[in-house]
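The following report examines a single protein chain, with attention to its cysteines, charged pairs and buried residues. Please consult the sequence and structure alongside the text.

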Amino acid sequence: MRELMLEIRQIVIRFPCEAFLTKHLQYHNTSVEFICDICGKVVHALDTLKTHKKKVHTPKIPEQCQYCDKWYSSRWSMRKHLLNMHVHADQQHICEICGFVSSTKTAKKQHISFKHTAEKKHKCTMCEKAFKTPTMLKEHTAIHTGVDLYNCAFCDASFKSQSNRSTHYKRHHPVEYVPNMTRRARPTAIPNIKNISNNTFTSSENMPSFGFACEMYLTRHLEYHTPKNFICDICGKAEPTIHALKKHEKKVHTPKVPGQCSYCGKWYSSQWTVRRHILNMHVRADEDHTCEICGFVSSTREAKKKHKQFKHNPEKRHKCSMCEKAFKTPTLLKEHIATHTGVDLYSCNYCEASFKSKSSRSTHYRRHHPVEYSNNMMIRPRPSGISNYESMPVVGGEHEQDHNQN
């Protein structure tokens with residue numbers, strides 16, 4: 001398969017087809033501006049402008065669900081309804097954090113986002129307040145603008161929030177409100193959901209098709225509807241697709257070729273870790289990495305991501321198979337499992353001691369090797385920016401030949 005690549009010094013980003021490369025290159029050209037002729041919004045890519053117009057300004061064509069006859073404002077919202085209320089209806093939607101049972105997959109996702117996520121990334125442009133969801137921000141903005149967003153279905157009253165409208169219903173229209181709540185849609189499964197062609201994800205009664213950017217993505221997607229029958233002949237792990245199996249074998253079992261950073265001379269175990277190091281410690285070195293939730297300043301983008309995941313995300317999705325404990329990161333789970341198996345994961349660089357966790361090894365360093373530990377902390381790498389790094393498209397050439405050989 002012909003691949004297109006973008007090279008930024010040592011970093012090579014591969015794209016499955018020319019359309020993806022063209023779209024990506026547009027985001028590097030911030031000097032070009034595309035202005036929406038309807039609302040005046042400014043974007044930096046033609047594709048983004050088209051998406052904006054289609055989402056915001058294109059009239060929506062109503063669609064009806066053929067299984068429950070409910071109408072939706074657009075084909076996309078109807079497809080989302082089909083997946084949520086019919087295709088995934090038989091799945092169990094229990095919150096892993098608090099055990100709350102949601103009626104649908106989307107409801108569970110909204111529950112976790114609202115109840116267990118501390119981050120408020122939707123900021124008001126008129127004051128300093130921030131909110132967890134776009135809807136809450138929109139309703140808050142209505143307080144500044146004075147615009148009512150919701151209307152009563154039974155009288156002329158209007159409201160700035162859905163909660164105020166619900167309170168109005170319960171107080172002034174209790175007779176209409178109670179039957180409306182009892183006939184709310186409940187998930188109902190569709191029997192015999194299956195794939196019947198190469199370009200549609202459909203039930204036996206012609207479910208709407210899902211579009212893909214290129215044939216490779218469609219092929220990979222279709223593989224996920226087959227049972228897990230691709231077995232790794234080295235460790236026995238089962239994967240749902242041949243692509244996932246190849247990725248597993250490359251990541252876990254293929255010998256890594258060490259690579260050296262051309263900017264600071266540091267060696268890494270693989271070419272991928274070198275690329276990640278360059279992006280993290282050089283390309284993005286001048287960026288501000290302040291946590292939006294608590295204000296903690298991290299040294300790199302990667303460190304900020306880990307800080308938010310560890311400090312502000314309460315979800316513990318990495319579960320131990322030997323007991324009921326769960327952890328926030330794969331590393332914490334691996335170190336916990338070592339307490340069950342008795343296997344030491346880390347060794348001291350200065351003596352023969354070994355440990356099951358990094359924190360235990362760090363404590364050992366401070367107590368028994370304070371001089372070496374202090375020197376090691378002094379020489380830890382710090383981000384240093386690359387001046388005048390530039391990108392250029394590379395089609396084919398030596399890079400593509402090397403990739404095809406691999």
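A search of the whole structure finds zero disulfides, a disulfide being a pair of cysteine sulfur atoms within 2.5 Å. C323 is in no disulfide, and the nearest cysteine sulfur, that of C320, is 3.7 Å away. C323 is partly exposed, with a relative accessible area of 27%; here buried means under 20% relative accessible area, exposed means over 50%, and partly exposed lies in between, computed with a 1.4 Å probe on protein chains only. For C348, the closest cysteine sulfur belongs to C351 at 3.5 Å, which is too far for a bond. C348 is buried, its relative accessible area being 7%.

This is a predicted model, in which local features need pLDDT of at least 70 and side-chain atom pairs count only at pLDDT 80 or more, while totals for chains, interfaces and linings use all residues. Residues are numbered from 1 along each chain as its sequence is written, and side-chain values use heavy atoms, with hydrogens and water left out.

**Overall architecture**

The protein chain has 15 helices and 21 strands; these are DSSP runs numbered from the N terminus, helices being H or I of at least four residues and strands E of at least two. Of the 406 residues in the protein chain, 29% are buried. Among contacts with a separation of 6 or more, 24% join residues 24 or more positions apart, where contact means heavy atoms within 4.5 Å.

UniProt, in an unreviewed entry, lists "domain: C2H2-type" for residues 34–62, 122–149, 150–172, 230–258, 318–345 and 346–374. These UniProt positions are given in the numbering used here, feature names are shortened, and annotations may be inferred rather than shown by experiment. Residues 150–172 are 48% helix and 17% strand, with end C-alpha atoms 16 Å apart. Residues 230–258 are 41% helix and 14% strand, and their end C-alpha atoms lie 29 Å apart.

**Salt bridges**

How many salt bridges does a search of the whole structure find? The search finds six, a salt bridge being a side-chain nitrogen of Lys or Arg within 4 Å of a carboxyl oxygen of Asp or Glu. The table includes three pairs.

| Lysine | Acidic residue | Closest N to O distance |
|---|---|---|
| K53 | D37 | 3.3 Å |
| K308 | E292 | 3.1 Å |
| K356 | D344 | 3.0 Å |

K53 forms its salt bridge with D37. This pair links distant parts of the chain, with K53 in helix α2 (residues 46–57) and D37 in the loop between β3 (34–35) and β4 (42–43), 16 residues apart. K53 is partly exposed at 28% relative accessibility, whereas D37 is exposed at 63%. Helix α2 also holds K50, which is exposed at 54% relative accessibility. K50 and C36 are separated by 14 residues in sequence and by 9.0 Å from C-alpha to C-alpha.

The second pair in the table joins K308 and E292. K308 lies in helix α11 and E292 in the loop between α10 (271–283) and α11, so the salt bridge ties together parts that are 16 residues apart in sequence. K308 is buried, with a relative accessible area of 19%, while E292 is partly exposed at 39%. E292, K304 and K308 are linked in a network of salt bridges.

The third pair joins the side chains of D344 and K356. D344 is in the loop between α12 (330–341) and β19 (346–347), and K356 is in the loop between β20 (354–355) and α13 (358–368), so the pair ties together parts that are 12 residues apart in sequence. D344 is partly exposed at 35% relative accessibility, and K356 is also partly exposed, at 28%.

**Surroundings of H312**

H312 is found in the loop between α11 (301–311) and β17 (318–319). Is H312 buried or exposed? H312 is buried, with a relative accessible area of 16%. The side chain of H312 makes a polar contact with that of H307 at 3.4 Å. A polar contact is a pair of N or O atoms within 3.5 Å; within protein, one must be able to donate a hydrogen and the other to accept it, and residues adjacent in sequence count only if both atoms are side-chain atoms. Leaving aside neighbours within four places in sequence, H312 is in contact with A118, C291, I293, C294 and H307.

**Nonpolar core**

The largest nonpolar core has five residues in all: C261, Y268, V274, I278 and V283. α10 gives the most to this core, with three residues. A nonpolar core is a set of buried Ala, Val, Leu, Ile, Met, Phe, Trp, Tyr and Cys residues joined through side-chain atoms within 4.5 Å. In soluble globular proteins, nonpolar side chains tend to be buried together.
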